[in-house]
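Visitor: Hi, I'm new to this one. Could you walk me through a few spots?
Guide: Sure, let's put it on screen.

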Amino acid sequence: MSETVKITVDGKEITAPKGKLLIEVCMENGISIPNFCYYPDLSPQAACRMCLVRIEKMPKLATSCTVQVTDGMVVTSQSEEVLDARKGMLDFILGNHPLDCPVCDKGGQCELQDTVFDHGTVYGHYNVKKNPTPEWRLSTFIAYDPQRCVKCYRCIRECNEVMDVHALGKIFRGTHEVIGPYGMGLQGGYHAMEKGDPLDCEQCGNCVEICPVGALLSVDSRFRSRPWDMHETVTTCTYCGDGCQMNLGVRNGQYVRAASKDLKGINGEFLCVKGRYGCSFITNPERLTRPLIRRDGQLQEASWEEATRYIATRFKEILSQKGKDSLAILGSPRLTNEANFTLQRLAKRGIGSANYGQIADTEWEKFFAHLTAPLATHAEVKTAKTILMLGGDPTENNPLSGMAIRYAVRKQDARLLMVNSLRTKMARRQARLFAHIRPNAEVAVIAAFYESDPAMLARLCQISGLKLEQLQRLREEVLKAEELLIVIGPEIKGAALVAAAQLAGHLNKERTKQIKYLPLVPYNNSVGAIDMGLPTNGQQLMKQFGQQIQALYLAGSNPVEQYGIDWQEALRKLQFLVVADLFLTRTAQLADVVLPVTSFAEQDGTYTNTTGQVQRINRALEGSGQLRPDWMVANMIAREMGVDIGAKGSAVGIFRDIVAENSAYQGITYERLKRQGAQITNRPLSELMNVAELVKELRGACQRIDTSVAHNQQVVAQGTGLFRIGTLTGHSPVMREAFVKAETLETAIV
Ligand code: SF4
Ligand code: SF4
Ligand code: SF4
Ligand code: FES
């Protein structure tokens with residue numbers, strides 16, 4: 001237990017951890033201290049001087065955001081002297097502040113408004129002529145109003161410390177000082193860019209979120225709603241596997257913004273560019289609104305009754321001619337647990353087809369089937385001591401996980417040991433050891449943890465392209481770690497993936513260590529889709545199209561966009577194709593029937609994130625009356641086909657069935673999810689495999705590595721994953737404006 005001290009604040013005795021910041025101790029004990037520049041987890045700044053308090057034996061008032069508590073400290077936080085000083089500070093801040101609260105996005109949610117209100121009349125002693133300055137567009141996403149800025153520098157510290165992007169800085173000095181973009185100089189140093197230059201950054205908008213006033217603004221949502229005029233619903237992001245919690249703001253049936261402010265969810269106030277700015281696809285007028293049936297070669301509008309009856313008739317015809325396995329059903333790592341569970345039931349229980357699953361590039365079910373240690377939550381990632389990262393680029397593809405790993409390195413001095421074939425940003429900036437391997441050689445490094453023969457280790461070095469000392473150091477660091485987090489990237493496949501899942505058990509035979517895993521899965525419900533019983537076999541099933549498989553029900557995937565011509569040609573071989581999606585994607589354009597389904601914002605349900613935590617999605621919008629959730633569509637088709645899938649009429653009913661059938665979900669209810677937030681699934685752990693067999697497989701996989709391939713020396717560019725445009729981001733206007741080049745605009749997204 002950490003050492004504690006006793007302090008007295010306004011006559012109240014408080015016990016607190018030694019060295020904790022006084023402002024934090026006060027706030028945790030219900031003593032309110034006004035502040036602007038203080039922010040939890042950011043380094044102290046002492047810029048605004050709003051948090052002044054009197055500390056006995058100190059000659060002057062002190063900033064409580066920089067003072068650490070010591071035993072016997074006696075503090076006065078409420079007195080005329082303190083109030084007087086704070087009012088004086090507010091005077092300075094308001095000196096040049098515009099009186100445009102009625103048109104400011106932050107009006108009603110502004111820390112300056114609240115603080116002035118709390119302090120009653122301010123003096124107005126600092127009576128200077130206002131210096132109006134026009135708003136300054138920092139990027140497609142972010143605008144800056146210099147006159148509203150209170151110079152707290154939260155934004156700069158957020159960008160430097162939390163994001164590790166270093167895009168913002170102070171420009172000019174004194175009363176002319178503004179916040180503006182900093183660019184990386186040619187020699188790697190920083191230089192202030194000219195006013196008006198675009199912000200060269202990840203565009204996460206976390207600086208906007210953290211700004212206490214309306215100085216930093218999100219361009220896509222500003223002036224569109226007053227905070228009190230907007231209905232906000234807490235839900236889960238629909239992009240990557242991390243599962244950030246967000247507030248979806250809706251006004252007059254239209255999506256306004258996604259924000260994370262004041263959420264107590266797993267991400268605190270963090271969102272990445274996709275979560276924050278990529279949700280406007282929800283009310284994109286290009287959304288499908290009615291079922292479409294191909295007639296005379298054209299997709300034409302139809303009613304749900306017509307569409308589902310037609311689907312059922314065609315499915316039954318094909319099944320009776322070609323047998324049960326002629327119909328394939330593909331769910332998706334994008335759909336809810338409830339949808340994937342119902343689709344799996346339709347295939348297995350309703351039709352009896354062996355051909356069901358999902359399209360994915362990594363066979364994650366192998367990882368979960370061989371798991372030998374629990375998954376770590378993001379909170380646990382933040383406190384990791386040693387991190388072994390096998391592949392993956394969380395900065396670009398799992399941004400919350402990336403932030404949590406950076407936090408562990410920054411705050412806990414965690415030892416990050418990275419094995420990667422790419423020079424990712426994390427490898428360059430946070431890694432204590434970067435084992436830069438040749439492409440596709442991860443398996444050789446994983447094999448090294450199962451080998452001890454020096455000759456074999458030397459051979460693995462040759463295969464992986466590492467120096468022997470580097471491999472030995474990596475092994476030593478991992479073997480000696482008492483607390484270890486193993487992060488698995490999506491490029492770890494086959495025998496390497498199984499061996500990676502077994503590694504914790506192999507390293508911890510004595511059970512004296514604490515080892516956890518973080519798999520970097522790509523989609524919002526990659527883990528849930530596997531838990532719902534959908535194998536990642538889409539690419540194999542595709543090879544059977546036109547042969548064993550003659551009909552396909554494809555929900556929530558756009559493989560033609562993702563994989564191109566192979567899928568396009570394969571889908572054309574089918575007798576009958578049904579696609580359920582939000583937009584008329586390139587895949588949907590090939591279908592015989594297209595079904596318009598609800599987005600994550602228009603339905604209730606659950607996702608299971610990369611850390612195995614289940615979280616709710618909540619309906620924020622009604623959606624058009626013609627949209628149906630995927631689970632309901634599956635029920636409708638089952639009913640029309642006359643097959644029993646134990647259909648439930650609500651998402652909550654289906655979730656109860658999920659819990660009954662899947663022991664990892666036991667005890668989780670919608671009520672608990674609402675009340676307590678994210679719930680951890682209790683995954684069964686696997687026994688240790690026969691090492692000799694595993695080693696044999698690993699050696700075989702190592703043999704197949706092409707050792708003539710050179711190391712990839714290219715640096716992974718900012719935005720490689722974050723700015724990649726897919727079906728949903730491509731239908732979010734601001735993302736499209738920022739990341740789709742004009743010449744490819746029409747062809748990029750369908
Ligand atoms: S949007 Fe994110 S990356 Fe860009 S300046 Fe703000 S905090 Fe930094
Ligand atoms: S822009 Fe906002 S967060 Fe940044 S210094 Fe100004 S007031 Fe503070
Ligand atoms: S980190 Fe992942 S879950 Fe979080 S906002 Fe970004 S895409 Fe969404
Ligand atoms: S909050 Fe302490 S000086 Fe700003």
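Guide: One definition before we start: helices (H or I, at least four residues) and strands (E, at least two) are DSSP runs, numbered from the N terminus. Also, this is a predicted model.

Visitor: OK. Where is aspartate 10 found?
Guide: Aspartate 10 sits in the loop between strand S1 (4-9) and strand S2 (12-17). Its phi is positive, about 50°, although aspartate 10 is not a glycine.

Visitor: Is aspartate 10 buried or exposed?
Guide: In between: its relative accessibility is 35%, so aspartate 10 counts as partly exposed.

Visitor: What about phi of arginine 49?
Guide: Phi of arginine 49 is positive too, near 60°, and that residue is not glycine either. You'll find arginine 49 in the loop between helix H1 (22-28) and strand S3 (52-55). With 36% relative accessibility, arginine 49 is partly exposed.

Visitor: Let's switch to helices. How do people describe a packed pair?
Guide: Two packed helices are described by the angle between their axes and the distance between the axes.

Visitor: So at what angle do H7 and H22 cross?
Guide: Helix H7 (residues 304-322) and helix H22 (residues 630-641) have axes that cross at roughly 60° and come within 9 Å. That angle makes H7 oblique to H22. The crossing is right-handed.

Visitor: Which residues of H7 and H22 meet there?
Guide: From H7 there are Trp304, Thr308, Arg309, Ile311, Ala312, Phe315, Lys316 and Leu319, and they meet Val633, Met636, Ile637, Glu640 and Met641 of H22. By class, the contact of H7 with H22 has 9 nonpolar, 1 polar and 3 charged residues.

Visitor: And how do H8 and H23 cross?
Guide: The axes of helix H8 (residues 337-351) and helix H23 (residues 651-661) come within 9 Å, crossing at roughly 70°. That makes H8 roughly perpendicular to H23, and their crossing is left-handed.

Visitor: What does H8 bring to that contact?
Guide: Asn337, Glu338, Phe341, Thr342 and Arg345 of H8 meet residues of H23 including Ala651, Phe655 and Glu661. The contact of H8 with H23 splits into 5 nonpolar, 2 polar and 4 charged residues.

Visitor: Which residues of H23 are buried?
Guide: Ala651, Gly653, Ile654, Phe655, Asp657, Ile658 and Val659 are. Their cover includes H8, H22, strand S27 (605-608), strand S28 (613-617) and helix H24 (670-676).

Visitor: Now some single residues. Why does histidine 506 count as buried?
Guide: Because its relative accessibility is 16%, and buried means under 20%. Histidine 506 is in helix H17 (residues 494-507).

Visitor: What does the side chain of histidine 506 reach?
Guide: That side chain reaches the backbone oxygen of phenylalanine 449, at 3.3 Å. Setting aside neighbours within four places in sequence, histidine 506 is in contact with Phe449, Tyr450, Leu688 and Val691.

Visitor: And valine 560, buried or exposed?
Guide: Valine 560 is buried, with a relative accessible area of 1%. It lies in helix H20 (residues 559-563). Not counting residues up to four places away in sequence, valine 560 touches Trp567, Gln568, Leu571, Arg586, Thr587 and Leu590.

Visitor: How many residues separate valine 560 and leucine 590 in sequence?
Guide: Valine 560 and leucine 590 are 30 residues apart in sequence, and 9.5 Å apart in space, C-alpha to C-alpha.

Methods
Residues numbered from 1 in each chain as written. Chains lettered and ligands numbered in written order. Predicted model: local features only at pLDDT ≥ 70, side-chain atom pairs only at ≥ 80, totals over all residues. Heavy atoms only, no water. Axes fitted to C-alpha atoms, helices over the stretch in contact; angles between N-to-C directions. Parallel < 35°, antiparallel > 145°, perpendicular 65-115°, else oblique. Left-handed = near helix turned anticlockwise from the far one by under 90°. Contact = heavy atoms within 4.5 Å. Nonpolar A, V, L, I, M, F, W, Y, C, P; charged D, E, K, R; others polar. Buried < 20%, exposed > 50% of the residue type's maximum accessible area, 1.4 Å probe, protein only. Polar contact = N/O pair within 3.5 Å; in protein donor to acceptor, adjacent residues only side chain to side chain.
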